[in-house]
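Q: Could you walk me through this model before I go back to the bench? I'd like to start with how the helices pack.

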Amino acid sequence: WPRTATWTSGELHLGGLPATELAQRHGTPAYLLDRADFEARCRAWLDALPDGDVHYGGKAFLCPEVVRWLADLGLSLDVCTGGELAVAMAGGMPPERVVFHGNNKSLDELRRAVEWGIGCIVIDSFAELDRLTSLGARQRVMIRVTPGVDAATHKAIATGGEDSKFGFSLSNGDALRAVRAVRDTPGLELYGLHSHIGSQLFDTEGFALAARRMADFAGSVGVTRLDLGGGLGVAYRPGDPEPPTPSDVVAALRKEVGGLDLAVEPGRSIAGPTTVALYRVGTVKGTYVSVDGGMSDNPRPAMYGSPYTAVLASRASDAPLERVDVVGKHCESGDYLVRDIPLPGDLRPGDLLAVPVSGAYQRSMASNYNHVPRPPVIAVFEGADRVIVRRETEEDLLRLYV
Ligand code: LLP
């Protein structure tokens, strides 16, 4: 739970505000983001790496208000599409603190980034190097390297293995050829090397192995800066193993990279635990508890089989617990949010369910499946609530149709 979460008579309070009041004011489903928690998690990374750079991985969750918090706290920002770039600009992030990733950046995206004065572009392929060269720009770049580390995580989010759509392989010599090609390109400054081995990682060994390979390579080509990506995992349920801390991760990296300049790109470990998704219970049928959201606001269970938990957040209940599935309102059976969890046996329509650790890759991956408008994000902070992403409406959806 986010750090300001408290429980009074069975009711969840966040940022000093009762869940029932927030639900009444903003409707459900809604993502409630604890700003104090978000900022504390940013600071934990900044404190862990006082002599380096912390780029927040914007893909986890991004909106202009969050960009303003990041800018004020002194973080930098990792974006990976023209859309994320647009949000960075809208939020007023200084361009020199933005790094642009992605395995298929278009000429137009590259041009916008260069014209804005972006701090760094991470070159992912020779084709992209050609595209950037064709702009004739003066630009700082990093080279994305696949260090050949098979991270222990779901295969959809492991990115550092040999067979990957990302980056230049270290083992087949492409990474070395990319370094030479960049150095031979007038206008481009080789600022550093980048790698990212995967996401939702729980041991520091994968990070350390990648760091060692990257540091060796950097040494051999005379590069002094490494950006080692994100990937630190979070616990989604009570009883899940606790991940290492940012300091643990940085210590493991430091040990391998010595005095090289270091940057990291945490996304999930900052945004994930800060946010609670709030749903209202509708139909209760047998072991199925249907809520007013589902796979459109959280595709992760259906996509990756990701485990979550949910708790009754609007009242106390001493009814015996029963094992149920929390399912959504979408038109398919794969639409579940939480499988097989114990909830009070007297759940009824109108109850609120809270799903913690909903801050990363949920609003950012939400869809409009079944024409369900996407939920708002409400920032709670010191007893005040503020809409930082408004609820989508059916009108918003209809506006697209010709
Ligand atoms: N840097 C790069 C280059 C990345 O590709 C990513 C994540 C990050 C940083 C941030 O990683 P994090 O600290 O959040 O693990 N949709 C998936 C996660 C995809 C992660 C993609 N890249 C999920 O819902 O689990």
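Q: What is the handedness of the crossing of α8 and α9?

A: The crossing of α8 and α9 is right-handed, a term used when the near helix is turned clockwise from the far one, left-handed being an anticlockwise turn by less than a right angle. Please keep in mind that this is a predicted model, in which local features need pLDDT of at least 70 and side-chain atom pairs count only at pLDDT 80 or more, whereas totals for chains, interfaces and linings use all residues. Residues are numbered from 1 along each chain as its sequence is written.

Q: And which residues make the contact of α8 and α9?

A: From α8 come Thr204, Phe207, Ala208, Ala211, Arg212 and Ala215, and from α9 come Asp248, Val249, Ala252, Leu253, Lys255, Glu256 and Val257, where contact means that the C-beta atoms, placed from the backbone, lie within 7 Å. By class, the contact of α8 with α9 has 8 nonpolar, 1 polar and 4 charged residues; Ala, Val, Leu, Ile, Met, Phe, Trp, Tyr, Cys and Pro count as nonpolar, Asp, Glu, Lys and Arg as charged, and the others, Gly among them, as polar.

Q: At what angle do α8 and α9 pack?

A: Helix α8 (residues 204-221) and α9 pack at an angle of about 30°, with their axes 8 Å apart. Axes here are lines fitted to C-alpha atoms, for helices over the stretch in contact, and angles run from 0 to 180 degrees between N-to-C directions. Helices are DSSP runs of H or I with at least four residues, strands are runs of E with at least two, and both are numbered from the N terminus.

Q: OK, what about α2 and α9, how do they pack?

A: α2 and helix α9 (residues 246-257) pack at about 30°, with their axes 9 Å apart. That makes α2 roughly parallel to α9, since angles under 35 degrees count as roughly parallel, over 145 as roughly antiparallel, 65 to 115 as roughly perpendicular and the rest as oblique. Ala44, Trp45 and Ala48 of α2 meet Pro246, Ser247 and Val250 of α9, and the residues of this contact divide into 5 nonpolar, 1 polar and no charged.

Q: How do α2 and α3 cross?

A: The axes of helix α2 (residues 35-48) and helix α3 (residues 64-73) come within 11 Å and cross at roughly 40°, and α2 and α3 are therefore oblique to each other. The contact uses Phe38, Glu39, Cys42, Arg43 and Leu46 of α2 together with Trp69, Leu70 and Leu73 of α3.

Q: Switching topic, which domains is the protein divided into?

A: There are domain 1 (6-33 + 273-390) and domain 2 (35-271), with bounds that come from an automatic or database domain assignment. Their centres, taken over C-alpha atoms, are separated by 31 Å, and the contact takes 22 residues from domain 1 and 20 residues from domain 2.

Q: Which element gives the most to the side of domain 1 that touches domain 2?

A: β20 gives the most, with 4 residues. By class, that side of domain 1 has 14 nonpolar, 7 polar and 1 charged residues.

Q: Why does the ligand lie between the domains?

A: Domain 1 and domain 2 both give residues to the shell around the ligand, so the ligand lies between them. In total 23 residues surround the ligand, and the closest are Gly57, Ser199, Gly230, Gly267 and Tyr361; a residue is near a molecule or strand if its C-beta atom, placed from the backbone, lies within 6 Å of it. By class, this shell has 7 nonpolar, 11 polar and 5 charged residues.

Q: Last one: where is the cis peptide bond?

A: The peptide bond from Thr28 to Pro29 is cis, with omega near -10°, and Pro29 lies in the loop between α1 (19-26) and β4 (30-34). On backbone angles, Asp340 has a positive phi of about 50° although it is not a glycine, and Asp340 is found in strand β18 (residues 336-344).

Methods:
Two residues are in contact if their C-beta atoms, placed from the backbone, lie within 7 Å.
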